[in-house]
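Q: Please take a close look at the metal site in this model. Describe the residues that bind the ion and the pocket that shares some of them.

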Amino acid sequence: MHIVGTAGHVDHGKSSLVEALTGTNPDCWLEEQERGMTLDLGFAHLRFDDGTEAGIVDVPGHERFLHNMLAGAAGMEVLLLVVDANEGVMPQTIEHLQILRYLNVQRVVVALTKIDLVAPHEQGAACRRVHAQLADTIARDAYIFAVSSVTGTNLDLLKRFLQQQLASLPPRDPDAPVYLPIDRVFTLPGRGTIVTGTLMQGRLAAGDTIAVQPAAQNVRVRSLQIFGEAREVATGGTRVALNLPGIEREALTRGAVVADRSFAARSEFTVRFEALPHAQALLHRRTPVRAYIGSAEVLGTLVAGATTSLKLREPVLAFPGVRFVLRRVSPKTLLGGGEIVAFEQPGVPAQDRGNDAIAALLAQAGLEPQELGALAFAANVREDVVKAQLDAMVEHGTAVALARPAAYLDAEVFALFASRVVNELEAAHEREPWAMGVTLLILSRTLGLAEPLVSRLLTVLVDDGRIAQRHGYYATTAHQPKLSAEQRAFFERHVPFDSAAPFLPASFDEVASQVKASPIAGIGKAFDTLLARGIMVKVGDALYRGTQIERAHEYVEEFITRNERMTMAEFRDLLGTSRKFAVPLLEWFDTRGITVRSGDYRMLRRHK
Ligand SMILES: Nc1nc2c(ncn2[C@@H]2O[C@H](COP(=O)(O)OP(=O)(O)OP(=O)(O)O)[C@@H](O)[C@H]2O)c(=O)[nH]1
Ligand SMILES: [Mg+2]
């Protein structure tokens, strides 16, 4: 289905024409009927014999209700411009056309109304005059039908033409996420909240759970109606009424949006903005504005710069491709309009829709991982569709998936990163063969990238087994730290082993200060390596060789296996050491889960 919208100056006959075409008087409010004037949006159902159907959105012509016109204008695809044959083009005719050039109108038809009030010999001139007046507008090439809603003149021709125009509109993208700006909210006894609006894109079905934004509330669609008829499914371009019993009427106003759950409302957008010629002088570096997006009217600021941005006082649900119109705050002069290009977050630039959009978004984001929701948003494609596409890309090796939170990178960009990492690591291992590898801090600095990002990307390489991570160091998988002869001699000297006192440790602090004072190249990192690999073990203030610890472990196991349990004194005697060393050492075995304490005794943990 598609949407036809009226536009035109006050009293030119818009609502009468809608009624003549559909049988429905769009002025449904009593006050409208009394005053003979449209105050708010009206709706009607246009049907043709061949099954073609459309929703008509009828707007008020009076300048004072322009905000209502704007709330209904975004959904219009076929514009039915109404001009009174006697009065010709008037200020709101032009203003409506200026607004609509920024929105989604694809076809324009002009109805020259009240032709019954024009003498036959003047009708041709009236028509030519209007054609000339529309020269600089989106209606310049439009067909003009001279009609009368009173006598019915030419209504059949106009109707047939509308039918053709509707049939010639391009089909909707079935993969687009749900986006439905709400224009009316009310409650029905026993049913709860009802919202109506134009489903701009996507597919909605009764039973679906959707999000209402900016409230960010998930609600279930209990039932769905299209022009009073219950339907199971609605697709883009349809006027729909939704029964949403899960949400309070008070929580909703015109301007709220029913949308796919992957969409979030935001208040800052990068935009493409085009000013109307007369508005140029009213624009500054920062211009306070009234923004009309979907059915919402929100105050904000238009900020000119390298890129133009729109900063809103309240969050609004919009995404790249959504059109908007801006007016001055006061007086409410029309300033111009444009299109959302991106939300303000680096790494997600504007993209046209289509299958390559995701690949292009990833490539442009470089090393910045892109989350599913952000990609779906930027490409304006439903999240599950994007997910399927990304899965296929990962499978084909054109994208790389990161976990927690799930995010994606372009595979080529990532491969470049990976080879830089491996090169850096190889160079580092060659410079310092005794080191365990490179820390995250150093690696981030050499790569010139933020630490959290590098950490995340390295996780992928580690998980794939392309690099190794041990004790906080990154290394190539082949790397085995190897001390120089000089370094090894240093530690033999300062952490001596005496077979006469096989469990006597060195003092950690003493060794550490010797390391500090030593002129031997890389001795500090060599010490780190020995500790990281367990070749040296720090227990309290003592420094043991790993072999001493292993031996002590064997003694303990053997002793307890034989005696079931062991006291501290027994342990001390077993190792022939002093209480000063025995206590921390046995506690160390406790913390390693080798022994477990029970009163004065130690047992083996596995015998517990
Ligand atoms: N004679 C004649 N009168 C018409 C015709 N169309 C509308 N009118 C009259 O013009 C007046 C205004 O018509 P509406 O249809 O309410 O005009 P509108 O454009 O909807 O007005 P707003 O919604 O207030 O902007 C009414 O009194 C209609 O009866 C027509 O084709 N011929
Ligand atoms: Mg009207």
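**Magnesium site and adjoining residues**

A: In this predicted model, Ser15 is buried, at a relative accessible area of 11%. Thr38 is buried as well, its relative accessible area being 7%. Both values fall below the cut-off, since buried means under 20% relative accessible area. These two residues are the protein donors of the magnesium ion (ligand 2), Ser15 through OG and Thr38 through OG1, at 1.9 to 2.0 Å from the ion. The pair joins distant parts of the chain, 23 residues apart: Ser15 belongs to helix H1 (residues 14–22), while Thr38 sits in the loop between helix H2 (30–35) and strand S2 (42–47). The site may look incomplete, because water is not among the atoms.

Ser15 also takes part in a pocket. Among the residues nearest the centre of the second largest pocket are Ser15, Lys14 and Ser16, together with Asp11 and Gly13. In total, 26 residues line this pocket, and its volume is about 390 Å³. H1 gives the largest share of the lining, four residues; H1 and H2 each supply at least two. By residue class, the lining of the second largest pocket consists of 13 polar, seven charged and six nonpolar residues.

Helix H1 therefore appears in both descriptions: it holds the donor Ser15, and it supplies the largest share of the lining of the second largest pocket.

How values were computed:
Residues numbered from 1 in each chain as written. Chains lettered and ligands numbered in written order. Predicted model: local features only at pLDDT ≥ 70, side-chain atom pairs only at ≥ 80, totals over all residues. Heavy atoms only, no water. Donors = N, O, S within 2.8 Å, 3.2 Å for Na, K, Ca; no water. Buried < 20%, exposed > 50% of the residue type's maximum accessible area, 1.4 Å probe, protein only. 1 Å grid on protein atoms, 1.4 Å probe; cavity = no way out; pocket = protein on both sides within 12 Å on 5 of 7 lines; lining within 4 Å. Points joined across faces, edges and corners; volume = space filled by probe spheres on them. Nonpolar A, V, L, I, M, F, W, Y, C, P; charged D, E, K, R; others polar.
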